[in-house]
Structure formats: structure tokens, C-alpha cells
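Me: I've got this one open on my screen and would like to talk it through. Can you take my questions one at a time?

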Amino acid sequence: MQRPAPEAPDPLKSEMLSKICEESAAANPEGKTVNILLVIDMQKDFVDQALGTAEAQAIVPAVVAKINEYKARGDVIIATRDTHEDSYMDTQEGKNLPVVHCVEETDGWLLNTEVADALGEYATVINKPTFGSTDLVALIREYVQQYGQPNVHVEIIGLCTDICVVSNALMEKAFYPEMPITLDAACCAGVTPATHDAAIATMRMCQINVINAD
């Protein structure tokens with residue numbers, strides 16, 4: 001007789017998450033808040049080089065303005081860089097998207113010049129080899145531990161709406177379901193306008209607060 005498979009633990013009810021919540025309540029009894037801007041993959045290859053689009057180029061001024069807004073308030077800014085190796089074409093992503101891009105230390109891997117100038121030395125920059133970043137989840141956890149999920153306000157902007165932006169938005173939502181997450185659609189662009197809109201719809205259904213979508 002076959003034994004039933006053991007019930008899988010719920011990661012959102014794990015001892016780790018409970019401990020984080022308890023520690024954050026103790027660390028932040030006054031309910032202070034922190035604002036965090038996530039700037040996803042605003043790199044040359046996604047703006048105007050290997051995989052660039054007119055829509056990506058069009059959002060650069062809005063992205064720069066948003067960065068300057070957060071800097072002026074003294075808020076937290078975290079930027080990511082899509083980061084691949086020379087063996088990119090041998091990876092699963094390379095086989096499904098056979099366009100070499102964002103190979104580390106190449107010109108296309110660098111942040112768009114205007115965005116890089118706006119960020120300066122202010123932002124924490126994370127390199128990520130996949131669509132979603134576990135390192136970003138871990139970094140956000142530091143703020144969750146300090147402030148508590150409801151008091152960490154995250155806003156997401158960047159590229160591409162339908163790949164890395166949506167991946168990271170949903171990862172953060174999965175790990176921190178009580179953390180408010182906003183997406184500024186005017187500071188995002190997708191591979192195509194249609195897939196941008198589809199990703200926006202998906203994030204709305206998953207309770208990401210979407211602004212400036214119309």
C-alpha cells in the first residue's frame with residue numbers, strides 16, 4: 001500500500017517568517033515606515049541596444065525623475081542589473097531568447113547613462129543571473145526585519161514589465177504578502193505594448209497597486 005506523501009510546509013507560515021514578524025514588531029513599536037524604490041534592469045541592452053525598444057527609451061526621463069524624487073526625500077533605492085556570462089546561448093534562457101545581451105562587463109550590461117548618472121553612488125546595485133532575484137528578496141528582508149512588512153513601502157519601475165519586473169514584483173509579494181507594493185506603469189516598458197499591458201493585468205490580479213497605467 002502506497003503511503004501518502006507528507007504534507008509540504010507552507011513557506012509563508014514557516015518559523016523563519018514568524019520570527020521575522022516578531023522581531024520587526026519588537027524593533028519598530030512606533031510603526032515607522034521606509035520607502036524603497038526598486039529600479040529593475042535599466043540597462044543599455046534593454047533601452048537602446050540589443051533588446052532596446054522605442055517604449056523603453058521613452059520611459060528614461062520618467063525613471064530619472066522618479067529616482068531624483070526618492071533621493072530628494074532620502075529614501076532607499078535598489079537597482080538591479082541583468083547579468084549573464086559568455087555561455088548565455090547554452091542556457092535555457094538563451095535557447096528561448098537567442099539574443100546575447102547583458103553579458104557582464106560589456107557596454108550593453110551597463111546601466112543607461114542617464115539612469116546611472118541619476119543613481120550615482122546613492123543606490124545599492126544587485127546583479128541577477130535570472131529574471132527574479134533571490135538576493136533582492138534577501139535585501140528586502142533586512143528592511144522587513146527592521147520595520148515590519150506593513151511599514152515597508154516598495155515601488156517598482158524599470159524593464160521589462162512582462163519579464164523581470166513582473167517576476168520580481170510577484171517574488172516580493174510571495175515572500176512578504178503584507179508589504180505594500182506599487183508599480184508605476186509610466187516608468188515601465190515591456191517587450192511589446194501588448195505584453196506590457198498583460199503583465200500589468202497580472203500584477204493587478206495579484207494585488208500589486210498599479211498607478212499611471214492609463
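**Helix packing, fold and odd spots**

Reply: Sure, starting with a helix pair: α7 passes α8 in a right-handed crossing. Keep in mind that this is a predicted model.

Me: Are α7 and α8 roughly parallel or roughly antiparallel?
Reply: Helix α7 covers residues 161-175 and helix α8 covers residues 193-205, and their axes lie 9 Å apart. The angle between the two is about 10°. Angles under 35 degrees count as roughly parallel. So the verdict for α7 against α8 is roughly parallel.

Me: How many nonpolar residues are in the contact of α7 with α8?
Reply: On the α7 side you have T161, D162, V165, V166, A169 and L170. From α8 come T195, H196, A199, I200, T202 and M203. Sorted by class, that contact has one charged residue, four polar ones and, for the nonpolar class, seven.

Me: Zooming out, what pattern does the chain follow along the sequence?
Reply: The ingredients are eight helices and six strands. Read along the sequence, they come in the order α-β-α-α-β-α-α-β-α-β-α-β-α-β.

Me: Among contacts between residues at least 6 apart in sequence, what share joins residues at least 24 apart?
Reply: A contact here needs heavy atoms within 4.5 Å. Of the chain's contacts between residues at least 6 apart, the share joining residues at least 24 apart is 79%.

Me: And what percentage of the residues is buried?
Reply: The chain exposes about 11200 Å², with carbon and sulfur atoms supplying 53% of that. Buried means under 20% relative accessible area. Out of 214 residues in the chain, the buried part is 46%.

Me: Now two lysines. Is K66 buried or exposed?
Reply: K66 sits in helix α3, residues 54-73. Leaving out residues up to four places away in sequence, K66 touches L37, E155, I157, D184 and C187. Its relative accessible area is 10%, so K66 is buried.

Me: What about K95, buried or exposed?
Reply: K95 belongs to helix α4. Beyond its neighbours within four places in sequence, K95 is in contact with M89 and D90. With a relative accessible area of 64%, K95 counts as exposed.

Me: On to the backbone. Which residues does the cis peptide bond with omega of about -20° join?
Reply: One partner, C160, is in the loop between β4 (152-159) and α7. The cis bond, with omega at about -20°, joins C160 to its partner, and the pair is L159 and C160.

Me: What is the phi of D41?
Reply: D41 is in the loop between β1 (34-40) and α2 (44-47). D41 counts as buried because its relative accessibility is 0%. D41 is not a glycine, yet its phi is positive, at about 50°.

Me: E105 has a positive phi too, although it is not a glycine. Is E105 buried or exposed?
Reply: E105 lies in the loop between α4 (92-96) and α5 (113-119), and its phi is about 75°. Exposed means over 50% relative accessible area. E105 has 61%, so E105 is exposed.

Key: Residues are numbered from 1 along each chain as its sequence is written. This is a predicted model: local features need pLDDT of at least 70, side-chain atom pairs count only at pLDDT 80 or more; totals for chains, interfaces and linings use all residues. Side-chain values use heavy atoms; hydrogens and water are left out. Axes are lines fitted to C-alpha atoms, for helices over the stretch in contact, and angles run from 0 to 180 degrees between N-to-C directions. Helices (H or I, at least four residues) and strands (E, at least two) are DSSP runs, numbered from the N terminus. Angles under 35 degrees count as roughly parallel, over 145 as roughly antiparallel, 65 to 115 as roughly perpendicular and the rest as oblique. A crossing is left-handed if the near helix is turned anticlockwise from the far one by less than a right angle, and right-handed if clockwise. Ala, Val, Leu, Ile, Met, Phe, Trp, Tyr, Cys and Pro count as nonpolar, Asp, Glu, Lys and Arg as charged, and the others, Gly among them, as polar. Buried means under 20% relative accessible area, exposed over 50%, partly exposed in between (1.4 Å probe, protein chains only). Accessible areas come from the Shrake-Rupley method with a 1.4 Å probe; for residues, only the protein chains shown count as cover.
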